[in-house]
Every structure is written in C-alpha cells, then in structure tokens.
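Here is a short set of questions and answers to go through with the model open beside you. Take them in order.

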Amino acid sequence: MTTQEINLADLENELDPNVTRQQKLAEAKAAIAGTTPLIPDPPNCVVRLPRGLYQGGSWKTEAEVRELNGADEESLSRVKDASDFFDLVLAHGVVRVDDLNLASSPLSERQILLRELLIGERSQLLMAILVATYGEEKVLNITCGTCSEDQELTLYLSKDFKAKEVEDVAEPSFFYTTKSGDSVEYRLVTGSDQNEVLRRKGATTAEQNSVILSRCITKVNGAILPDPQGYARRLGMKDRMALLQQMVDRQPDLDLGVQTTCVACGGDIVFSLGWSDLFRP
Ligand SMILES: [Zn+2]
C-alpha cells in the first residue's frame with residue numbers, strides 16, 4: 001500500500017456529516033495531486049540566448065522569464081515612453097540568466113545589466129515574456145487591403161515569430177571595408193546603444209545612425225578613433241548604409257512581419273507588427 005492510499009483511507013474514516021463522502025474524496029485527491037497547473041502546456045519560460053551576458057569571465061546564456069503580474073502592471077503604467085516601457089518589461093520579466101539571479105537586484109540594476117544584451121536577444125526575451133503573460137495565441141482583427149473584408153487572424157507567437165539564426169554572433173568584433181579601403185572594426189548593437197539613441201528625443205534617423213555608428217565602430221585600420229562621432233559623420237552615405245545593414249543582418253532578431261491570405265478574396269495580406277501591438281491582452 002502506498003502513502004497516498006493510506007491518506008485517502010484515513011480521510012474516508014473521518015467523514016464530516018456536512019460534507020459528502022465524494023466531496024471529501026475529491027478534496028483528498030486534489031491535496032495529493034498538489035498544485036497541478038490548470039493550463040495543460042505551460043509556456044516555455046527558458047530562452048537560450050545566442051550570445052548572452054558576459055559575467056565573471058564567461059558568457060551566461062540560459063535566461064528565464066516569468067509572467068508579468070499586477071505589481072508589474074502598476075509599475076509599467078507609470079511609464080510615459082514606449083521605449084522605456086519595453087526596457088522595464090525586460091527588467092520585470094527576466095528572473096535569471098544562468099546562475100545570475102536578477103530577481104534579487106534592484107530594478108535599475110537589472111535594466112542596466114540587461115542592456116548589455118544584443119537588441120535581437122532582447123526581442124527574444126520580450127517575446128518569451130509576452131507568451132508567459134498572455135499565452136501563445138494572439139487574435140488580431142485585420143482588414144484586407146484588396147477587398148476591405150474585416151477578418152480575424154490567429155497567430156501562434158512562438159511558431160510564427162522565430163528568431164533569425166546568425167553565425168558567429170558571439171564574436172567580439174566584425175569587419176567592414178569602406179569604399180576608400182579603410183578596415184572598420186565594429187561590434188553589434190546592444191540595448192545600451194539603443195537606449196542612448198532613444199534618450200536623444202527628436203533626433204532624426206540620420207542622427208540616430210551617427211550615434212549607433214560612433215558607439216559600435218571600435219577601431220579603424222587597427223587604431224582606436226580619437227573622434228568616433230566625427231568619423232561616423234565623415235563616413236560616406238553608401239558606406240554608412242552598408243555598415244548599418246551588416247549590423248542589422250548579424251542580429252539574432254525576430255521578424256514581426258505577418259503574411260496571410262484573405263478569407264474572402266484569397267489575396268495576400270502583408271503587414272508588420274510592432275511590440276506595442278503585441279503587448280496588449
Ligand atoms: Zn480580400
């Protein structure tokens with residue numbers, strides 16, 4: 001006889017006159033079963049980061065996220081800016097990276113630490129927090145651009161938005177040769193670079209690109225630049241675009257583009273989502 005059977009038998013012997021035998025049995029069974037999750041397939045809260053966080057001489061790559069709760073919602077409701085919002089979502093939702101327990105650090109420390117991640121990795125974590133909080137399915141109301149038919153589209157977030165697989169993502173630097181033959185050494189864009197760009201309110205795209213280039217170009221022809229901002233601005237437009245494109249291509253980012261077929265006319269419906277569209281119940 002197992003322990004569970006003994007417990008059941010004991011409960012049956014002390015029947016309360018106000019409670020039926022069946023209820024008592026059901027309670028006992030529930031107690032034995034423990035806290036069985038009501039959702040049959042809990043979301044996968046672990047994200048394998050392609051590069052990770054560099055801490056204590058090694059890369060930490062296994063991140064764990066959790067569902068956002070009411071306290072997080074209150075904290076997020078105070079944020080005015082969409083850019084700060086997602087930075088804060090990450091700080092609330094990421095609980096650990098390998099043995100690094102983030103939940104025990106102050107929020108501002110978590111924000112700074114998580115900004116060291118590549119922007120593509122931050123997108124992967126945002127998606128995992130989204131799934132943990134709202135579930136896999138996301139129903140969108142869309143309108144066909146061809147026949148104007150309104151319709152519902154159900155997305156399965158983990159399946160429909162996969163991270164791009166990129167090679168050598170953990171390399172400390174990459175190289176680009178300019179039109180004039182300069183060998184430009186650069187690193188990939190992190191949350192910290194993105195934060196710096198977003199902090200400059202009212203900056204144009206060209207000005208934002210100069211900030212990114214000045215921060216991410218580490219050396220030119222093997223030498224550290226005395227004036228990175230000046231170099232970024234002197235660099236030809238064609239080189240700037242090509243270099244930025246390489247930086248984008250090397251990010252392990254998620255493509256939030258959606259492609260579907262209209263239920264009425266069969267035409268293609270193609271559009272791109274933003275994180276603000278997804279972070280809504
Ligand atoms: Zn249509």
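A residue is called buried here under 20% relative accessible area, exposed over 50% and partly exposed in between (1.4 Å probe, protein chains only). This is a predicted model, in which local features need pLDDT of at least 70 and side-chain atom pairs count only at pLDDT 80 or more, while totals for chains, interfaces and linings use all residues. Residues are numbered from 1 along each chain as its sequence is written, and side-chain values use heavy atoms, with hydrogens and water left out.

Q: Are Phe174 and Tyr186 buried or exposed?
A: Phe174 sits in strand 7 (residues 174-177) and Tyr186 in strand 8 (residues 183-186), 12 residues apart; helices (H or I, at least four residues) and strands (E, at least two) are DSSP runs, numbered from the N terminus. By the cut-off of under 20%, both Phe174 and Tyr186 are buried.

Q: Why is the pair of Phe174 and Tyr186 classed as it is?
A: Rings of Phe, Tyr and Trp (its six-membered ring) pair if their centres lie within 6.5 Å; planes under 30 degrees apart count as stacked, over 60 as edge-to-face and the rest as tilted. The centres of Phe174 and Tyr186 are 5.8 Å apart and their planes are at 35°, so the pair is tilted.

Q: Which residues form one aromatic cluster with Trp275?
A: Trp275 makes a tilted pair with Phe279, at 6.5 Å centre to centre and 50° between the planes. Trp275 is buried at a relative accessible area of 15%, and Phe279 is buried at 11%. The cluster joins Trp275 with Phe85, Phe86 and Phe279.

Q: Which helix gives the most to the largest nonpolar core?
A: A nonpolar core is a set of buried Ala, Val, Leu, Ile, Met, Phe, Trp, Tyr and Cys residues joined through side-chain atoms within 4.5 Å. The largest one has 40 residues, and Val94, Leu125, Met127 and Trp275 have the most contacts inside it. With seven residues, the top contributor to this core is helix 6.

Q: How many residues are in the other core, the one with Val184 and Val197?
A: This core lies apart from the largest one, and Ala232 and Leu244 are among its members. Its count of residues is 22.

Q: What covers the buried residues of helix 8?
A: Helix 8 spans residues 191-199, and Gly191, Asp193, Glu196 and Val197 in it are buried. Contact means heavy atoms within 4.5 Å. The cover includes helix 6 (119-134) and helix 9 (205-216).

Q: What is the geometry of the zinc ion site?
A: Donors are N, O and S atoms within 2.8 Å of the metal (3.2 Å for Na, K and Ca); water is not among the atoms, so sites may look incomplete. The SG atoms of Cys144, Cys147, Cys262 and Cys265 coordinate the zinc ion at 2.3 to 2.4 Å. Four donors count as tetrahedral if all angles lie between 85 and 135 degrees. Here the angles among the four donor atoms are 107 to 113°, and the site is tetrahedral.

Q: How are the donor residues of the zinc ion spaced in sequence?
A: Both Cys144 and Cys262 are buried. In sequence, the spacing of the donor residues reads C-x2-C-x114-C-x2-C.

How values were computed. Four donors count as tetrahedral if all angles lie between 85 and 135 degrees; four count as square planar and six as octahedral if opposite donors are over 155 degrees apart and all others between 65 and 115; anything else is irregular.
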